[in-house]
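Visitor: I should like to take a close look at a single part of this structure. Please describe one region and the side chains that connect it to its surroundings.

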Amino acid sequence: VGGAVAGAESATIGNAGVMRVRATAERFALEELHMTGGSTLSVESDGQTGAMATFNATDILMNGGSRLEGDFLTIYTTNMAISQGAEIDLSGKVASGAGDGTVWNKGGTGAGHAGTGGSIDAAVSLGEFYGDVVRPMESGSRGGGNYGGFGGGVLRIRAAGELRVDG
């Protein structure tokens, strides 16, 4: 979805169904979003500007086996239920952050976030400290070297009513 979704009362993503929503969507709003087992909702932000992707649904139900993935994501809802076995995954989605690890002749160092990254050699620069350990608001950073993984994304859920996480 790259345009607008408005006025729709409900959407169901069925078994093995995939829905992709881009941050360029002008408006994504539903009364009810139901994700059945085996379904995926992928919400992609604008990786160039770092702008959060957002979507709105009055009621969201994620059944076991459903998957919500993204990188920089804000969800506005009244009620959201995440059943046992459902997952929200923002891991390994961010290519660069404020505390990226560094490359050196034996590989790379760990990335920092609310603490410095790690290394087997104390003389090597580490991923720098940034962020807040109690209330993290920034994405993760990439590790250094050829095998440094990407950092984790950012998720904000604004639930005016009930947020139930059973998984």
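Guide: What follows is an account of one open sheet, its charged residues and the nonpolar core. The model is a predicted one.

The sheet is open and built from 4 strands, which run in the order 2-4-6-8 with parallel pairing. Strand 2 and strand 8 (87-89) occupy the edges; each has a single partner strand, so one side of each is left without a neighbour in the sheet. On average, and with direction ignored, neighbouring strands of this sheet are turned by 15 degrees against each other.

Within this sheet, strand 6 (residues 67-70) pairs with strand 8 in the parallel sense, over 3 bridges. Arg-67 stands opposite Glu-87 in strand 8. These two residues also form a salt bridge, in which the closest N and O atoms are 2.2 Å apart. The pair links distant parts of the chain, since Arg-67 lies in strand 6 and Glu-87 in strand 8, 20 residues apart.

Arg-67 has a further partner: its side chain meets that of Glu-69 in a salt bridge of 2.9 Å, N to O. How do these residues stand with respect to the surface, buried or exposed? Arg-67 has a relative accessibility of 23%, and therefore counts as partly exposed. Glu-87 is likewise partly exposed, because its relative accessible area is 36%. Glu-69, by contrast, has a relative accessible area of 15% and is therefore buried, the cut-off for buried being under 20%. Side chains of opposite charge can pair when their charged atoms come close.

A search of the whole structure finds 4 salt bridges. One of them joins Arg-164 and Asp-166, with the closest N and O atoms 2.9 Å apart. Arg-164 is partly exposed at a relative accessible area of 35%, and Asp-166 is partly exposed at 40% relative accessibility. Returning to the sheet, salt bridges that share partners join Arg-67, Glu-69, Glu-87 and Asp-89 into one network.

The nonpolar residues may now be considered. The largest nonpolar core has 20 residues, and those with the most contacts inside it are Leu-33, Leu-41, Phe-55, Ile-60, Met-62 and Leu-68. Two or more residues come from each of strand 1, strand 3 (27-35), strand 4 (40-44), strand 5 (53-62) and strand 7 (72-82). Strand 5 gives the most to this core, with 5 residues.

Leu-41 connects the two parts of this account. Leaving aside neighbours within four places in sequence, Leu-41 is in contact with Ile-13, Met-19, Val-21, Leu-33, Met-35, Phe-55, Arg-67, Leu-68 and Glu-69. Among these contacts are Arg-67 and Glu-69, whose side chains meet in the salt bridge described above. Leu-33, Phe-55 and Leu-68 are also contacts of Leu-41, and they are among the residues with the most contacts inside the core.

One loop that leads to the sheet also deserves attention. Ala-16 is found in the loop between strand 1 (4-13) and strand 2 (18-22). Most residues other than glycine have a negative phi. Ala-16, although not a glycine, has a positive phi of about 70 degrees. Ala-16 has a relative accessible area of 63% and is therefore exposed.

Definitions and conventions
Residues numbered from 1 in each chain as written. Predicted model: local features only at pLDDT ≥ 70, side-chain atom pairs only at ≥ 80, totals over all residues. Heavy atoms only, no water. Buried < 20%, exposed > 50% of the residue type's maximum accessible area, 1.4 Å probe, protein only. Core = buried A, V, L, I, M, F, W, Y, C linked by side-chain atoms within 4.5 Å. Contact = heavy atoms within 4.5 Å. Pairing = 2+ DSSP bridges. Axes fitted to C-alpha atoms, helices over the stretch in contact; angles between N-to-C directions.
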